[in-house]
Every structure is written in structure tokens, then in C-alpha cells.
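Okay, thanks for coming, everyone. I'll walk you through this one on the screen, so please keep the viewer open and turn things around as I talk.

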Amino acid sequence: MTNLGHLRNRDAVLRMSETEAEERAAVVDPDDERMIINMGPQHPSTHGVLRVTMELQGETVLRSKPVIGYLHTGMEKTAEDLTFLQGPTNVTRMDYAAPLFTELTFSLAVEALLEIELPDRSTWIRMMMCELNRMSSHLLFLATNGMDLGAVGMMIYGWREREEILRFFEKVTGLRMNHNYIRPGGVAADLPDGWREDIQNILEILPQRLEQFDVLMTGQPIWRERTQGIGVITTDEALALGATGPILRSTGYAWDLRRAMPYLAYDQVDFDIVVGTYGDTFDRYAIRLNEIRESMRIVEQCLELMPEGAYRSEDRKVTPPPRARINESMEALIHHFKIFTEGFKAPPGEVYTAVESPRGELGCYLVSDGGAKPQRMHIRAPSFANLQTLPHMMHGGLLADAIAVISSIDPIMGEVDR
Amino acid sequence: MSESTSSLDETTELAESDEDPRDTVKKLHGVAVTDSKGQIVLHPAAEGYHDLIQLLVEEGYAVCVDLCGADHLGNATRVLPAAIEPERFELVVNLLDVRTPRRLRVRVQIAESDPSIPTISDIHPGAEAMERETNDMFGVCFEGHPDPTPILLPDGWEGHPLRKDFAMGTIPVQFKAVEGR
């Protein structure tokens with residue numbers, strides 16, 4: 001028995017090179033009712049630069065193929081030229097909607113190689129910031145998903161709510177996006193004064209706004225017509241194609257790395273895994289909406305349980321000496337200088353770490369040859385694997401529904417192309 | 001982490017049953033096993049790789065979560081089991097068992113002189129895009145792949161960017177000419 005047998009339609013994928021597709025698209029054969037068209041890479045609903053080559057018969061999508069690579073900038077190659085401390089600045093630009101998760105998985109990989117333990121507070125800060133980031137990422141999804149399906153007002157509402165969280169991120173990390181906040185050895189800075197009030201404020205605003213979204217979309221007949229039963233995928237198909245996150249959970253399979261293989265302090269907080277039933281576009285929408293509520297529960301518990309202590313490791317190998325020491329000690333100054341110029345060396349070895357990002361399993365495969373830079377750094381991007389489900393979801397559906405399906409995968413092209 | 005430790009113990013027990021007493025290398029399905037920071041790593045030969053992946057699916061490792069290449073040119077620090085001959089390229093496959101949450105990694109050595117290996121996309125359709133990416137980046141050819149076209153690089157790109165001898169920033173950016181201009 002192979003996974004291939006789990007696919008309902010093995011022919012759903014249009015296997016054709018870009019050049020061939022371009023040539024085929026230019027030829028019009030009156031006897032052939034099938035037609036090849038290109039959607040994107042500049043289509044507004046393609047979330048950046050996704051191009052989908054589709055074979056149509058009338059308005060029905062037969063075979064299709066996501067064409068990617070328009071945003072490829074060789075970030076894995078760049079990573080080989082950056083020290084372990086500089087690494088997060090690079091990886092944070094992959095998934096730009098959820099940058100903290102890529103920083104986290106990279107930092108966890110470096111820490112696994114170095115075999116260093118972190119203080120509790122840094123772990124809890126990481127967890128709280130990541131859950132806030134999950135909320136902002138899902139809010140961005142709600143905004144774009146609404147926009148793609150014609151609920152244009154939703155775009156503004158989603159971005160408004162997301163901005164509340166990004167404002168908090170700016171206060172903590174200095175930047176709205178691409179934070180470089182989670183670093184090997186802990187986080188860049190402690191939480192600022194008044195962080196509790198800021199988070200309580202966010203937790204107060206959001207529930208009523210989410211209820212407004214329910215009124216605007218969840219219970220609305222037009223919304224349901226456009227999403228229910230569209231882009232269906234089964235559990236076996238999702239697993240065979242390596243799809244994780246909300247796509248796998250929408251099929252009713254409760255797989256979440258936070259529960260299955262807990263990292264950080266997820267085994268100490270209480271939350272539910274949201275699953276769907278039918279594996280359709282509506283389920284994927286509803287899962288993300290309700291995951292915002294679950295993330296809020298985790299953040300609430302972080303507020304209560306946030307331990308006191310250091311926000312980064314005390315290990316002098318990865319952490320520069322405190323500012324006061326630099327002023328009085330020459331050695332401390334040299335130490336500080338060395339960490340930020342040469343970087344610290346990681347012992348030879350290889351490791352794979354994975355975290356549950358808003359899009360699924362986000363992994364980092366890191367190889368060290370004993371130097372201060374990785375020998376090889378590979379990011380297992382969830383969107384990259386999830387995009388492979390697209391032809392199977394669109395097969396036999398209408399062209400107009402293709403937009404809904406692409407949107408429901410929530411691909412972030414920065415992480416797909418890296 | 002606790003799950004992977006417990007499954008490692010199982011591996012050890014399995015290994016003892018069919019192990020040659022003179023052989024100190026731990027084995028699973030006749031393939032050398034190592035431990036990397038508490039994670040299980042299998043080191044099959046290129047010939048046995050496809051069958052091993054099939055065997056592991058039946059054992060529960062039914063999800064191919066990640067597949068990538070690595071270029072170890074100039075890396076003298078790599079530790080491999082005694083029976084495994086180090087080669088320049090490595091194919092790294094991360095497998096996941098979703099029923100009893102555990103992970104396993106397969107590392108295959110690929111010779112520079114003949115960088116080819118059977119595809120596993122007939123077992124794991126999800127590996128298809130990942131194999132195309134590895135082909136782009138390292139020039140590893142996957143025999144029997146249903147769609148061996150470039151995925152991240154443009155059609156007709158020369159070279160394999162993630163190879164260690166592909167220098168950064170020294171070649172001009174390659175663009176396709178636009179016809180009629």
C-alpha cells in the first residue's frame with residue numbers, strides 16, 4: 001500500500017513545464033474543447049506571485065499546476081553566509097505574515113546543536129509572542145479570504161484588528177514585521193513596561209470583533225454558498241501530500257505539533273485543537289477563525305503564568321556580557337565584540353526541529369561543521385507542501401471557485417519560494 | 001522529545017535480534033542507525049533507499065514531511081557509521097508517524113560522479129515538489145520522477161545554486177530574452 005493510492009485523482013496535476021504551457025496557451029484548436037490558461041502571477045487573489053496553470057473545459061478545471069519561484073531569492077544559500085546569530089534576520093523574511101515562527105524554529109535548531117537550556121521566562125515570552133503572531137496571521141487570512149470572495153469590507157476589518165497586535169509587536173521588538181526578536185539563546189529584549197495592559201487591551205477588543213466577523217461572514221448565506229463543499233480534500237490525501245496545519249485539521253484529523261510533540265511550554269497551557277469535518281473551504285476558514293480564540297486563551301494563561309527571571313540564556317557562549325560590565329572590563333568588551341563579529345561556533349552535527357506555524361509544520365534542518373556559520377540550513381516551509389494539494393482541491397470544480405480554494409490554502413509566497 | 005527517545009529504545013531492541021555480534025553498528029531493517037541529538041537517523045545505501053522508504057510506510061512512518069539535499073564539499077567533521085562511505089551529496093528525508101507521534105530521518109549518500117537516485121514520489125506524492133527543488137538546487141536527478149521540471153529556478157537556468165562551488169554574487173543574473181524586442 002502506498003500513499004499514492006490515497007489520491008482520488010492522480011491526474012489532477014498538470015505536468016508540463018512553464019515553457020510548454022506558454023506555447024500551448026498560445027495555440028487555439030477549435031476541435032479541442034480543453035483550454036490551457038494561466039492565472040497570475042499578478043492576479044490580486046494569488047497572494048503575491050503565485051501562478052496557476054489550469055486546463056479548463058468550459059468553466060470546469062480539469063488539471064492544474066501551481067507555478068512558483070517568482071519570489072525565490074536564495075535565502076537558504078544566504079543563510080550559509082550568515083552566523084548563527086545573524087540567521088534569524090534572514091529566516092524572518094520567509095513567512096512575512098508569521099515571522100516569529102521561522103525565527104523560533106531556527107533558534108530551536110541552533111540551541112539543539114549547542115545543547116543549551118533556556119530560562120523559563122524566555123520560553124514563555126516566545127510562546128506568548130508566537131500565539132499573538134498566530135492571531136495576527138489568521139486575522140490577515142480572514143482579511144484576504146474575505147477580499148478574495150467579495151466581502152471587501154472584511155479586508156479593512158481584518159487589517160484593523162491585525163494592526164492592534166502589530167502595534168504591540170512594534171513596542172516589544174521595535175518592528176511591525178521581520179522582528180529578529182527570537183534569537184538563539186533567548187529573545188532580544190525583555191517585555192516593555194505596561195505590556196500586561198497592552199495585551200489585556202487586545203484581549204478585550206478582539207472577542208467582540210470576532211463576533212462581528214461571525215455576523216459578516218460565518219452565518220451569511222452568500223458566504224456559505226461560496227465556501228461550503230468547495231475544494232474538498234480527504235485526510236488520506238492531505239497526509240499523502242504532506243499537508244499540515246489547518247488543511248489537515250479541516251479534514252477532521254486533530255494533528256497539531258503543539259499537542260502531539262510539545263515544544264516550548266505548550267504542555268503547561270490549556271487549549272483545544274480546532275478541527276473541521278468536511279475538509280472544504282468553509283472548514284478551513286472556520287478553523288482559522290476559531291484558532292484565534294484558542295490562541296487568545298493561551299495568551300491569557302501566559303499573562304497569569306509568566307515567570308520572572310532572565311529573558312535570555314546566561315550561557316556566556318551565546319549571550320554577550322551585560323552592558324554595565326562592558327563599561328568596566330576590557331575582556332567583556334572583547335567578548336561582546338567577538339560574539340557580534342565572529343559569532344559563536346556550534347559543535348558539528350545535524351538536527352531537525354519543527355514547530356506548528358499558522359500554516360502547518362514549520363521545520364528547520366540545520367547542519368553545522370563546527371564553524372560559526374551553518375554548513376546547510378533548510379527550512380521546511382508548510383506553504384510549499386500545502387500548495388501541492390491545490391490541483392487535487394480544484395479538480396472538477398469551477399474556475400470561479402479556484403479563487404476561493406487558493407485563498408483557503410493561505411500560501412505565503414515568501415516562504416514557498418524562499 | 002520523550003516519544004523519540006522511547007522509539008529509539010525499540011530500535012535498539014529490534015537491532016539486537018538480527019545483529020552480527022562482531023558488528024558494533026546498530027541496525028534497523030539492515031540499515032545502519034545513528035542518534036543525532038536524540039533523533040533517529042537511518043543511513044541506507046542508494047540501492048536500498050526506495051525499498052526502505054516503502055518498508056517504513058508499512059511501519060507507520062507514512063508522512064514524508066521534508067526532503068532536501070545537502071552538499072558536504074569540504075566538510076571534514078561529518079560523522080557517519082563505519083559501513084557508510086561518505087559522498088559529496090546527501091539526500092535528507094524527514095519522515096513522520098502521525099499515529100504514534102515520532103520522527104525518523106533518512107540520510108542517503110549520493111556520489112558526485114553520478115548524482116541520481118530513485119524517486120519516492122510513487123510512495124509519497126508529497127515528495128514530488130521537494131524532489132524538484134532538490135534537483136534545482138543540487139542537480140540530483142530523481143529517476144522515474146513524473147515531472148522533472150524546474151520548480152524554483154526559471155526554465156533553462158544553468159548551475160545548481162546550493163552547491164558549495166556555486167559562488168554567491170559572482171555571476172550576472174540570468175534573464176530570458178523577450179521576443180520581438
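**A walk through chains A and B**

Let's start with a sheet in chain A: it is open, has three strands in the order β6-β7-β8, and the pairing is antiparallel. At its edges are β6 (349–357) and β8 (374–380) of chain A, and each has a single partner strand, so one side of each is left without a neighbour in the sheet. From one strand to the next, the twist averages 15°. Oh, and before I go on: this is a predicted model.

Now zoom in on the pairs. β6(A) and β7(A), the latter covering residues 360–368, run antiparallel and are joined by nine bridges. If you want a landmark there, find Thr353(A), which sits opposite Cys364(A) in β7(A). On the other side, β7(A) and β8(A) are antiparallel too, with six bridges between them. The landmark for that pair is Ser368(A), facing Pro374(A) in β8(A).

Between those two strands you have a hairpin with five residues in the connection, and Gly370(A) there has a positive phi near 95°.

So is β8(A) mostly covered or mostly open? Covered: seven of its seven residues are buried.

And what packs on this sheet? That's helix α4 of chain A, residues 99–114, which touches β6, β7 and β8 of chain A. The direction of α4(A) makes about 150° with that of β6(A).

Stay in this region and click on Leu366(A). Leaving out anything up to four places away in sequence, Leu366(A) touches Ala109(A), Val110(A), Leu113(A), Glu350(A), Val351(A), Pro374(A) and Met377(A).

That brings me to the core. The largest nonpolar core has 153 residues, and the members touching the most other members are Ala109(A), Leu366(A), Val405(A) and Leu95(B). Which helix gives the most? Helix α5 of chain A, residues 120–148, with 13 residues. Both domain 1 and domain 2 of chain A supply at least three residues each to this core. As background for the bench folks, nonpolar side chains tend to be buried together in soluble globular proteins.

Okay, zoom out to all of chain A. We have 18 helices and eight strands here. The C-alpha trace spans about 85 × 45 × 40 Å along its principal axes. For 418 residues, a compact globule would have a radius of gyration near 22 Å, and chain A comes in at 23 Å, which agrees. Of those 418 residues, 52% count as buried. Then look at contacts between residues at least 6 apart in sequence: 69% of them join residues at least 24 apart.

The domain split goes like this: domain 1 is 3–67, and domain 2 is 75–314 + 347–389 + 403–417. Their C-alpha centres are 30 Å apart. Where they meet, 12 residues of domain 1 are in contact with 11 residues of domain 2 in chain A.

There's another sheet in chain A to look at. This one is open and three-stranded, ordered β1-β2-β3, with antiparallel pairing. Its edge strands are β1 (34–39) and β3 (60–67) of chain A, each pairing on one side only. The strand-to-strand twist averages 20° here. β1(A) pairs with β2(A), residues 51–57, in the antiparallel sense over six bridges. To find your place, Asn38(A) has Thr53(A) in β2(A) as its bridge partner.

Now, chain B. It puts 36 residues in contact with 42 residues of chain A. On the chain B side, the elements giving two or more residues are β4 (63–71), β5 (89–97) and α3 (127–138) of chain B. β4(B) gives the most, with six residues.

Last stop, a couple of backbone oddities. Most residues other than glycine have a negative phi. Leu264(A) isn't a glycine, yet it has a positive phi of about 45°. You'll find Leu264(A) in the loop between α11 (257–260) and α12 (281–305) of chain A. Is Leu264(A) buried or exposed? Buried: it has 21 C-beta neighbours inside 10 Å, and the cut-off is 20 or more.

The other one is Lys37(B), also not glycine, with a positive phi near 50°. Lys37(B) is in the loop between β2 (31–36) and β3 (39–43) of chain B. With 17 other C-beta atoms within 10 Å, Lys37(B) counts as partly exposed.

Notes
Residues numbered from 1 in each chain as written. Chains lettered and ligands numbered in written order. Predicted model: local features only at pLDDT ≥ 70, side-chain atom pairs only at ≥ 80, totals over all residues. Core = buried A, V, L, I, M, F, W, Y, C linked by C-beta atoms within 7 Å. Buried ≥ 20, exposed ≤ 12 C-beta atoms within 10 Å, placed from the backbone. Helix = DSSP H or I, 4+ residues; strand = E, 2+ residues; numbered from the N terminus. Domains from an automatic or database assignment. Contact = placed C-beta atoms within 7 Å. Pairing = 2+ DSSP bridges. Axes fitted to C-alpha atoms, helices over the stretch in contact; angles between N-to-C directions. Rg over C-alpha atoms; globule rule 2.2 N^0.38 Å.
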